Amino acid sequence: MFHESPVIIEPDPGKPSWICGMLYTPAEPPRRGVIMFHPLFEERKSAARVMVEMARQLCENGAAVLLFDYRGCGDSSGELERHSVSDWISDSLAALAYMRGRYPNLPVGFLGLRLGATLAF
């Protein structure tokens, strides 16, 4: 059993932008954290269901999982054309800060697809 909760993260405090995500939390205290990084553009649509199912599987196995949309993508703020790789790296760092703030004593791993895997590092 697990819970799915929407989250909003501010990647640049003081600026009117946000990233939306879904936090998957197990019923028992989590043993690890995982941040999932979507691919971008058309590949995101193809991978969306697989990413959600993977997040749920990880959660059922004891991980707290954050799956988020970069600015200009999905439910996050902005238009794709107005954002760049540097913005998406900031989004990735904001996601990491969120997980470390929420779960300060857990190791946090990354799982990404395509460009999302690149942005994770």
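This report walks through the confidence, core, pocket and a few individual residues of the structure above.

**Confidence**

Keep in mind that this is a predicted model. The protein averages a pLDDT of 88, and 99% of the residues score at least 70. Broken down by element, strand 4 comes out highest with a mean of 96, while helix 3 is lowest at 74. As a rule of thumb, predicted coordinates should not be read in detail where pLDDT is low.

**What holds the middle**

Let's start inside. The largest nonpolar core has 20 residues. Ile35, Leu66, Phe68, Tyr70 and Met99 are the ones with the most contacts inside this core. Six elements each supply at least two of its residues: strand 1 (2–9), strand 2 (19–26), strand 3 (32–37), strand 4 (63–68), helix 2 (85–102) and helix 3 (115–120). Helix 2 gives the largest share, five residues. There is also a second, separate core of twelve residues, and Tyr24, Val34, Cys59 and Leu67 are among them. In soluble globular proteins, nonpolar side chains tend to be buried together.

Tyrosine 70 is worth a click in your viewer. Leaving out neighbours within four places in sequence, tyrosine 70 is in contact with Ile19, Phe37, His38, Leu40, Ser76, Trp88, Asp91, Ser92, Gly116 and Leu119.

One of those partners, aspartate 91, sits in helix 2. Is aspartate 91 buried or exposed? Its relative accessibility is 0%, so aspartate 91 counts as buried, the cut-off being under 20%. With residues up to four places away in sequence set aside, aspartate 91 touches Pro11, Ile19, Phe68, Tyr70 and Arg71.

**The pocket**

Now for the empty space. The largest pocket has a volume of about 250 Å³. Its lining is made of 16 residues, with Gly21, Met22, Leu67, Asp69 and Asp75 lying nearest the centre. Strand 1, strand 2, helix 1 (42–60) and strand 4 are the elements that give two or more residues to that lining. What is the lining of the largest pocket like by class? Nine residues are nonpolar, two are polar and five are charged. Leu67 turns up twice in this story: the residue belongs to the second core and also lies among those nearest the pocket centre.

**Out towards the solvent side**

The loop between strand 2 and strand 3 holds arginine 31 and also proline 29. Arginine 31 is exposed because its relative accessible area, 54%, is over 50%. Proline 29, at 65%, is exposed too. Even so, arginine 31 has company: not counting residues up to four places away in sequence, arginine 31 touches Asn61, Gly62, Leu106 and Pro107.

Phenylalanine 110 belongs to strand 5 (residues 108–112). At 34% relative accessibility, phenylalanine 110 counts as partly exposed, since that value falls between the 20% and 50% limits.

**Some distances**

Here are C-alpha to C-alpha separations for residues discussed above, each set beside the spacing along the chain.

| Pair | Apart in sequence | C-alpha separation |
|---|---|---|
| Arginine 31 and glycine 112 | 81 residues | 20 Å |
| Aspartate 91 and arginine 102 | eleven residues | 16 Å |
| Proline 29 and valine 85 | 56 residues | 34 Å |
| Phenylalanine 110 and leucine 66 | 44 residues | 9.8 Å |

The last row links back to the core: leucine 66, with its C-alpha 9.8 Å from that of phenylalanine 110, is one of the residues with the most contacts inside the largest core.

How values were computed
Residues numbered from 1 in each chain as written. Predicted model: local features only at pLDDT ≥ 70, side-chain atom pairs only at ≥ 80, totals over all residues. Heavy atoms only, no water. Core = buried A, V, L, I, M, F, W, Y, C linked by side-chain atoms within 4.5 Å. Buried < 20%, exposed > 50% of the residue type's maximum accessible area, 1.4 Å probe, protein only. Helix = DSSP H or I, 4+ residues; strand = E, 2+ residues; numbered from the N terminus. Contact = heavy atoms within 4.5 Å. 1 Å grid on protein atoms, 1.4 Å probe; cavity = no way out; pocket = protein on both sides within 12 Å on 5 of 7 lines; lining within 4 Å. Points joined across faces, edges and corners; volume = space filled by probe spheres on them. Nonpolar A, V, L, I, M, F, W, Y, C, P; charged D, E, K, R; others polar. pLDDT = per-residue confidence, 0-100.
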